Amino acid sequence: MKKQIMQGNAAIARAASDAGVSVAAAYPGTPSSEILRDIANTYPEVYAEWAPNEKVALEVVSGASFAGARALACMKHVGLNVAADPLMTLAYTGVKGGLVILVADDPYSHSSQNEQDSRNWTRFGKVPMLEPGDSQECYDFMREAFDLSERFDTPVLVRSETRVSHSDTVVELGEPLEQTKPVGLDKKEWQKYVMVPMNVRAARIRVEERIRKLETYADEFKCNEMEIKDTKIGFIASGVTYNCTKDIFPEWSSLKLGMVWPLPKKMIAEFFNKVEKVVIVEELDPFFETEIRAMGYKPFHGKDVIPTMYELTPDIIEKSLKGSEYKAPEIRVKPEDLPRRPPNLCVGCSHRPLFYALNKLGAFVFGDIGCYTLAAAPPLSAIHTTVCMGAGVAQAHGAMKALGKEALGKVCSVLGDSTFLHNGLTPLMDIVYNKGNATTIVVDNRITGMTGHQEHPGTGFTIRGEPTNMVDYEEIGRALGVKSIRKVDPYKINETMEALQEEMDKDEPSLVLCVDSPCMLLRREKRQFEHSLYTIDADKCRGCKVCLNISCPAISWRENAGETIDGHKRKGIVYINPDQCVGCQVCQQLCKFEAINPVTQ
Amino acid sequence: MKKNGKVTNIFLSGVGGQGAILASNILGEAFLNAGYDVKKAEVHGMAQRGGDVTTHFRCGKKVYSPLIKQGDVEFLISFELLEAIRYINWVKPEGKIIINNQTVFPPAVNLGLMEYPKGVDVTFKKYFKDNVHIIDGQDIARNLGNLQAANVVIVGAFSSFFPELKEELFVEAIKTLLAPKLHDLNIRAFYEGKKAMEHNV
């Protein structure tokens, strides 16, 4: 086969297709989102869907597995927390068709709310885990994972991470397998799949036997590789950390753990036997180190020098292991003196006027996961918490129960359409049921925005762009028992402020829906603005900087002392970049001096 | 490319929307088809929201780590001046640098809270002398009729560092990665970039 450069996620998608997967499901999450997109766009023989959340995704694919089909669920690390409920019991039922769960970690939290190490699920969940270190291994290990799953009757976890999923490396593909017709469901197997106590106890025995068999198999598993070079020193590592360490210490002996758990006990014994000093290099938690120490071995170095947080970049590995011999590179310019370039809400984004309004109202805003988290930063400063998908809705309720009537009018929660459907409905039901009075604001931009535009049950389209049924947010709110449901147009700042204040003041649950505010990057649906461009009237601008408070990428400050046509002294003037302005009219509504006007020709 | 089997380290930096990722994809195809192992890693989760974009690009006989160590960059390709100076410490003393002469203000500068760094070219020349090449990618692309092609102009300029790599490898990469209607523009951009480098040296 011809060699090609593939992104890790693309290699995972290809492996699923080549392994004969019939059903694949996911909820998007960086850095895992491209896998299902690639499957949907490239491999028409695989049924693919965006599920409303990761728990549903795993349940969908496990149903396919019970019917005998090979199946794949993909998620980011925090997604596995949501899917943990089915995972922990699927470990007991086992599988029929190969069942693989791809979980993508994000060390250094490039785009995540925490830095959890998914390797911990494998021992806890009693299911094996493989960890590829580049795109070739993504392809090869995924193929192995489906075979392992069927051979050992177990779900298999495959752990990726940002530097694997989002790296492009050379891949040589294998021979594709034909998708086979699933053997079908069998009622006689009920004792394997009905996890009532009696069957659970029988399954427990199978689970323990399986782990022992996997432990034995680990010693011959080809993804675990030992290389003896320098017998004085060697390292044990997995995934991309193996690759980074190998690069710095190419002369050292090495033991690469392609299977994170169960560990190859004989191989580890042999490695400690053949190599004098063994260093364990692992990102995040001391997972291998704890296990290997428990086996009675004493590593030369491990977490005594290697950090337990952030990415293990080659710099950090070298610095940790070379100690005083490490030579730091020359510092020519202090990067901390340079202006940062943090991401910002897009020009024309509907979140900007909404959060400006919330800021002006002085509300405490329980936020959520999505682009709108960017409104936490000054000058908008209008998101005050972000924990996990859907959390803000229940947190606003809890806070108001704690604070009583004095919190009325001052607290709300904000979450996106996709996040609301992921995990926002149950907490809203809770507010209604328990006679709460929190206000829930759904910013409906018609798409899952931050992860790069994935469809969801509220958009009216499937993952393959086919028109489908669509959630009606108003109907849902009503069905849950919300009496006060209100639509607002966030681009009309004063009206929005009034509406939000009224809803927050009410001593009952409120659901506010932001309408006609599609994501600015969405092509199929566009907000029609009255004018396409605004400009500053240099005769009138007093340089008061009020319009800078919305942090619009098109607006900048130009220091230049002068005065307005009617003689007001100013220190500078504001400039609107005509290449960027889309005419959303938000800045114009803030200007008290009529200095921002549409360009009409 | 090095004969001793050592890996070549190239670092690309820019602002979301400048096409830094396409540029690194062109390099990837060209080096792969020249027979090298290639690994590249990028952080682009929020690039569409105007954040910075960086790509670690490594090629050689066999590449392990996808990441370059700070101080080991042999070629810095930056599509924007601030995003060039931000990574000046990453470059080896004998490293070579190509910078697209463009300024994109970050939010703190737009808000008047911080100043955009002055004299980026002077700072680079202080440390890297004649190994610094500032290319007017925007002007060249504008003359070709499309500002979007500035990234490929820079790729063309960069290709001059590897005379042993045939031009066709880059041209083929452009054809593989871009829609047919964009081939002509980008191939011209590549050659204009290469030409600009010859004048620059």
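The exercises below, each followed by a worked solution, concern a predicted model with chains A and B.

**Exercise 1.** Work out what span the 13 residues of helix 16 of chain A should have, and compare it with the distance between the end C-alpha atoms.

*Solution.* Begin with the rule that the expected span is 1.5 Å times one less than the number of residues. For the 13 residues of helix 16 (residues 391-403) of chain A this gives 18 Å, and because the end C-alpha atoms are 18 Å apart, the two values agree. Then look just past the helix, where Gly404(A) takes a positive phi of about 70 degrees.

**Exercise 2.** Find which residues of helix 16 of chain A are buried, and name the elements against which they pack.

*Solution.* A residue is called buried here if 20 or more other C-beta atoms lie within 10 Å of its own. In helix 16 of chain A this holds for Ala391(A), Gly392(A), Val393(A), Ala394(A), Ala396(A), His397(A) and Met400(A). The next step is to ask what these buried residues touch: they pack against strand 14 (364-366), strand 15 (411-416), helix 18 (425-433) and strand 16 (439-443), which also belong to chain A.

**Exercise 3.** Describe the side of chain A that touches chain B, and state which element gives the largest share of its residues.

*Solution.* Start with the contact itself, in which 43 residues of chain A meet 42 residues of chain B. Several elements of chain A give two or more residues to this side, namely strand 1 (3-7), strand 8 (167-172), helix 11 (239-248), helix 14 (314-322) and strand 20 (555-563). The largest share, 5 residues, comes from helix 11 of chain A. Sorted by character, the residues on this side of chain A are 19 nonpolar, 11 polar and 13 charged.

**Exercise 4.** Trace the open sheet of 8 strands through both chains, and explain why one side of each edge strand is left without a neighbour.

*Solution.* First write down the order, which is 1(A)-8(A)-2(B)-3(B)-1(B)-4(B)-5(B)-6(B), with mixed pairing. Next examine where the chains join: strand 8 of chain A and strand 2 (residues 37-43) of chain B are antiparallel and share 3 bridges, and Ser167(A) stands opposite Ala41(B). Within chain B, by contrast, strand 1 (residues 8-15) and strand 4 (residues 73-78) run parallel with 4 bridges, and Leu12(B) has Ile77(B) as its bridge partner. Finally, consider the edges, where strand 1 of chain A and strand 6 (132-135) of chain B each have a single partner strand, so one side of each has no neighbour in the sheet.

How values were computed:
Residues are numbered from 1 along each chain as its sequence is written. Chains are lettered from A and ligands numbered from 1 in the order in which they are written. This is a predicted model: local features need pLDDT of at least 70, side-chain atom pairs count only at pLDDT 80 or more; totals for chains, interfaces and linings use all residues. A residue is buried if 20 or more other C-beta atoms lie within 10 Å of its own, exposed if 12 or fewer, and partly exposed in between; C-beta atoms are placed from the backbone. Two residues are in contact if their C-beta atoms, placed from the backbone, lie within 7 Å. Ala, Val, Leu, Ile, Met, Phe, Trp, Tyr, Cys and Pro count as nonpolar, Asp, Glu, Lys and Arg as charged, and the others, Gly among them, as polar. Two strands pair if DSSP finds at least two bridges between them.
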